[in-house]
Amino acid sequence: MRMEQVMGLVLAVMGVGLVLLSRRLVWEHSPDNPVARERTGTAGVWSDRARNFHLWRGRIGGGVFVVVGLLLATGVLLGD
């Protein structure tokens, strides 16, 4: 494998990880999470707007990483 393909696969995996981490972050501050309801302030439950922002930020950022990573891995970007 060439270096560009390895970089592409790493970026794709990082993108998937970013999406999963953003989902975990939103769950940590969800009203459905009993632990979050016990915490006070910003460490507790976030508003719907804040949770949606972080969820979509993770989806969009992760999606960009995955798309660029797959383009690198397949040789569309920086290919011969």
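**Surroundings of S30 and overall form of the chain**

Apart from its neighbours within four places in sequence, S30 is in contact with A36, V45 and R51. These contacts are taken from a predicted model. S30 lies in the loop that runs between α1 (3-28) and α2 (34-38). With a relative accessible area of 9%, S30 counts as buried, because this value falls under the 20% cut-off. A polar contact is also present at this position: the side chain of S30 reaches the backbone nitrogen of D32 at a distance of 3.1 Å.

The protein chain as a whole contains 3 helices and 0 strands, and its elements follow the order α-α-α along the sequence. Among the contacts of the protein chain with a separation of 6 or more, 62% join residues 24 or more positions apart.

The overall dimensions were examined next. The radius of gyration of the protein chain is 17 Å, whereas a compact globule of 80 residues would have a value near 12 Å. Along the principal axes, the C-alpha atoms fill a box of roughly 55 × 20 × 15 Å.

Burial and surface composition were computed for the full chain. Of the 80 residues, 25% count as buried, and S30 is one of the buried residues. The exposed area of the protein chain is about 5600 Å², and carbon and sulfur atoms supply 68% of this area. The protein chain carries 9 positive and 6 negative charges, and the mean positions of the two sets are 5 Å apart.

Notes: Residues numbered from 1 in each chain as written. Predicted model: local features only at pLDDT ≥ 70, side-chain atom pairs only at ≥ 80, totals over all residues. Heavy atoms only, no water. Helix = DSSP H or I, 4+ residues; strand = E, 2+ residues; numbered from the N terminus. Rg over C-alpha atoms; globule rule 2.2 N^0.38 Å. Buried < 20%, exposed > 50% of the residue type's maximum accessible area, 1.4 Å probe, protein only. Contact = heavy atoms within 4.5 Å. Areas by Shrake-Rupley, 256 points an atom, 1.4 Å probe, with all protein chains shown as cover. Lys, Arg positive; Asp, Glu negative; His and termini not counted. Charge placed at Lys NZ, Arg CZ, Asp CG, Glu CD. Polar contact = N/O pair within 3.5 Å; in protein donor to acceptor, adjacent residues only side chain to side chain.
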